[in-house]
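Reader: I am new to this structure and would love some company while I look at it. Could you take me closely through its aromatic residues, and show me where they sit in the whole?

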Amino acid sequence: MGQRKGLGIASSKPVYVLGVDAATRRVIVGGPDELLQDTLWASQVNYPAGAPEGPVEVHAKIRYKASEMPATLYPRDSKAIIRFQEPQRAVTPGQAVAFYVGEELLGGGIIE
């Protein structure tokens with residue numbers, strides 16, 4: 001998600017990978033604004049100190065070098081919904097997401 005270079009596509013405007021449909025062997029491309037998302041689903045969520053009982057304000061990190069961003073976490077058994085206060089660029093399925101309360105790691109999972 002978000003790749004721009006090496007696509008081999010001629011376009012008058014920059015295009016980025018928005019998704020891949022493996023079944024049809026298609027790469028979906030679009031403009032930079034289409035990369036923005038304010039919500040993600042996470043699966044295989046693990047809470048080292050125990051799952052919260054309801055929504056909680058967190059700082060979430062969607063890739064290793066990304067900054068932590070304010071969000072609200074909605075736990076759903078072994079899954080979670082994370083809603084960011086501001087849209088994030090290139091939220092990528094298969095990548096890890098981690099969420100923190102202050103300096104404490106609350107949990108993490110896999111972006112769907």
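Author: Happy to: here is the overall picture, followed by a close look at the aromatic pair and then two other tyrosines.

Please keep in mind that this is a predicted model. The protein has eight strands and zero helices, so its pattern along the sequence reads β-β-β-β-β-β-β-β. Along the principal axes, the C-alpha atoms fill a box of roughly 50 × 30 × 20 Å. Of its 112 residues, 34% count as buried. The accessible surface comes to about 7400 Å², and carbon and sulfur atoms make up 49% of that.

Now to the part you asked about. When the whole structure is searched, one aromatic pair turns up. Its two members are Y47 and F99, whose ring centres lie 6.1 Å apart, with 45 degrees between the planes. Pairs with planes under 30 degrees apart count as stacked and those over 60 as edge-to-face, so the pair of Y47 and F99, at 45 degrees, is called tilted.

Where do Y47 and F99 sit along the chain? Y47 belongs to the loop between β3 (36-46) and β4, while F99 is in strand β7 (residues 96-101). The two are 52 residues apart, and the pair links distant parts of the chain. Are Y47 and F99 buried or exposed? Both are buried. Links across the sequence also show up in the contacts of the protein: among those between residues at least 6 apart, 49% join residues at least 24 apart.

For a contrast, turn to Y64, which is placed in the loop between β4 (56-61) and β5 (69-76). Y64 has a relative accessible area of 72%, and the cut-off for exposed is over 50%, so Y64 counts as exposed. Its C-alpha atom is separated by 9.4 Å from that of Q95, a residue 31 positions away along the chain.

One more tyrosine is worth finding, and it takes you to a hairpin. Y16 stands opposite G30 in β2. Strand β1 (residues 16-21) and strand β2 (residues 26-30) run antiparallel and are joined by five bridges. Between these strands of the hairpin are four residues, and R25 takes a positive phi near 55 degrees.

Finally, a word on charge. The protein carries 12 positive and 12 negative side chains, and the centres of these two sets lie 13 Å apart.

Conventions. Residues numbered from 1 in each chain as written. Predicted model: local features only at pLDDT ≥ 70, side-chain atom pairs only at ≥ 80, totals over all residues. Heavy atoms only, no water. Pairing = 2+ DSSP bridges. Buried < 20%, exposed > 50% of the residue type's maximum accessible area, 1.4 Å probe, protein only. Contact = heavy atoms within 4.5 Å. Areas by Shrake-Rupley, 256 points an atom, 1.4 Å probe, with all protein chains shown as cover. Lys, Arg positive; Asp, Glu negative; His and termini not counted. Charge placed at Lys NZ, Arg CZ, Asp CG, Glu CD. Phe/Tyr/Trp six-rings, centres within 6.5 Å; stacked < 30°, edge-to-face > 60°.
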